[in-house]
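Work through the exercises below with the structure open. Each task is followed by a stepwise solution.

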Amino acid sequence: MKRRGFIGLVGAGFLAGCDKVAGTKWFGAVAESAQGWHRGLHRALGVARIDMAPEYEKSDISPFFRGNGTRSIEDAAYRNSMMRGFFDWRLSVGGMVEQQLSLSLEDLFALPQRTQITRHDCVEGWSAIGEWTGPQLSEILALAKPMEGARFAVFHCADNLYGSDYYESCDMDDAMHPQTIVAHQLNGEPLPERNGAPLRLRIERQLGYKHAKYLTAIELVASLDDIGGGKGGYWEDRAGYQWYAGI
Ligand SMILES: Nc1nc2c(c(=O)[nH]1)N[C@H]1C(S)=C(S)[C@@H](COP(=O)(O)O)O[C@H]1N2
Ligand SMILES: [Mo]
């Protein structure tokens, strides 16, 4: 069932984060716009995006799920919030929604929860299997009521990596996918700091860099042009990574 997409990556060689892309299974040099060919290719090959990512057994869970990119946030507001169990953390949901939301962790715990054991694939060439728990993004968006014309969900993060705020985005198809969750637990425990405490996105049909950690806000937009560098994500802006990072 597992399919591997074509991922075009360019110009990533100078980076220390997610950078070991040369000379491996990754190939091609295609810097694409967010609405690019990759999705079209999937469609052309008859790869329906309603596919579920593979799920695994408890016995498959990796003994250690490493942290990658930002692993710790020095910012005082973040550290204070962590010391208090993130009781004051809020996930805001805004942009093209009829109902703006400001959700506490308690609010998120009160929603129906999904637990899924999935494999995380990083372009650096490592994978790990973990069990993630949290509400489906579709549940959160049902409360916020997306406006007609909303085409993308943008995920804002608390960390700043090499001088830019980390962010990511996906289309509404992935936003509404059953395996797209706002996770607050890894392997039955609150998320470790290195893995994005207190909240991180799991978007299981795509590569690791799409799984935004330290989530602070979700914004629905009609276009990605005015967000960050305009390419839909931190690594997309910085290193030309594919916006649609299908696995
Ligand atoms: N906010 C934020 N999200 C992020 C990153 C980051 O540096 N900051 N790194 C990304 C990359 S490249 C990967 S592979 C995964 C790593 O998740 P992990 O730290 O739980 O292993 O998070 C992704 N999400
Ligand atoms: Mo990654």
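**Exercise 1. Strand S3 and its hairpin**

Task: Decide whether strand S3 is largely enclosed or not, then describe how S3 pairs with strand S4.

Solution. The model is predicted, so every value here is computed from predicted coordinates.

Step 1. Take strand S3, residues 114-122. Use the cut-off for burial: under 20% relative accessible area. Seven of the nine residues are buried, so the rest of the structure largely encloses S3.

Step 2. Turn to strand S4, residues 126-134. Nine bridges pair S4 with S3, and the sense is antiparallel. One of the bridge partners can be checked directly: Gln116 faces Trp132 in S4.

Step 3. Look at the connection. Three residues lie between S3 and S4, and the two strands form a hairpin. In the turn, Gly125 has a positive phi of about 105°.

**Exercise 2. Two sheets**

Task: Give the strand order, the pairing and the edge strands of the four-stranded and the five-stranded open sheet.

Solution. Strands of a sheet pair through backbone hydrogen bonds, either parallel or antiparallel.

Step 1. The four-stranded open sheet has the order S3-S4-S8-S9, and its pairing is antiparallel. Its edge strands are S3 and S9 (189-190), each of which pairs on one side only.

Step 2. The five-stranded open sheet runs S2-S1-S11-S5-S6, with mixed pairing. Here the edges are S2 (101-103) and S6 (164-171); each pairs on one side only. On average, neighbouring strands of this sheet are turned by 20° against each other, direction ignored.

Step 3. Examine the S5-S11 contact. These strands run antiparallel and are joined by six bridges. Phe155 has Ile218 in S11 as its bridge partner.

Step 4. Add one residue of S5. Ala153 is found in this strand. Its relative accessible area is 0%, so Ala153 is buried. The C-alpha atom of Ala153 is separated by 9.2 Å from that of Gly95, 58 residues apart along the chain.

**Exercise 3. Aromatic pairs**

Task: Classify the ring pairs Phe65-Trp132 and Tyr78-Tyr214, and place each in the chain.

Solution.

Step 1. The structure holds 11 aromatic pairs. Planes over 60 degrees apart count as edge-to-face. The rings of Phe65 and Trp132 have planes at 80° and centres 5.2 Å apart, so this pair is edge-to-face.

Step 2. Place the two residues. Phe65 sits in the loop between helix H1 (37-44) and helix H2 (76-83), and Trp132 in strand S4. They are 67 residues apart, and the pair links distant parts of the chain. Both Phe65 and Trp132 are buried.

Step 3. Repeat for Tyr78 and Tyr214. Their centres are 5.9 Å apart with 85° between the planes, and the pair is edge-to-face. Tyr78 lies in helix H2, and Tyr214 in the loop between strand S10 (200-203) and strand S11 (215-221), so the pair ties together parts 136 residues apart in sequence. Tyr78 and Tyr214 are both buried.

Step 4. Look for a cluster. Ring pairs link Tyr166, Tyr209, Tyr234, Trp235 and Tyr241 into one.

**Exercise 4. Empty space**

Task: State the volume and lining of the largest cavity and of the second largest pocket.

Solution. Rolling a probe the size of a water molecule over the atoms shows where empty space is left.

Step 1. Count cavities of 30 Å³ or more: there is one. The largest cavity holds about 260 Å³ of space.

Step 2. Its lining has 22 residues; Asn68, Gly69, Tyr166, Gly208 and Lys213 lie nearest the centre. S3 and S5 (152-161) are the elements that give two or more residues to this lining. By class, the cavity lining has 10 nonpolar, eight polar and four charged residues.

Step 3. Move to the second largest pocket, with about 160 Å³ of space. Its lining residues include Met82, Phe86, Leu105, Phe109, His184 and Glu193. The pocket lining divides into eight nonpolar, three polar and one charged.

Note on methods. Residues are numbered from 1 along each chain as its sequence is written. Chains are lettered from A and ligands numbered from 1 in the order in which they are written. This is a predicted model: local features need pLDDT of at least 70, side-chain atom pairs count only at pLDDT 80 or more; totals for chains, interfaces and linings use all residues. Side-chain values use heavy atoms; hydrogens and water are left out. Buried means under 20% relative accessible area, exposed over 50%, partly exposed in between (1.4 Å probe, protein chains only). Two strands pair if DSSP finds at least two bridges between them. On a 1 Å grid over the protein atoms alone, a cavity is a set of points where a 1.4 Å probe fits but cannot get out, and a pocket is an open set with protein on both sides within 12 Å along at least five of seven lines; lining residues have an atom within 4 Å of a point. Grid points are joined across faces, edges and corners, and a volume is the space filled by probe spheres set on the points. Ala, Val, Leu, Ile, Met, Phe, Trp, Tyr, Cys and Pro count as nonpolar, Asp, Glu, Lys and Arg as charged, and the others, Gly among them, as polar. Rings of Phe, Tyr and Trp (its six-membered ring) pair if their centres lie within 6.5 Å; planes under 30 degrees apart count as stacked, over 60 as edge-to-face and the rest as tilted. Axes are lines fitted to C-alpha atoms, for helices over the stretch in contact, and angles run from 0 to 180 degrees between N-to-C directions.
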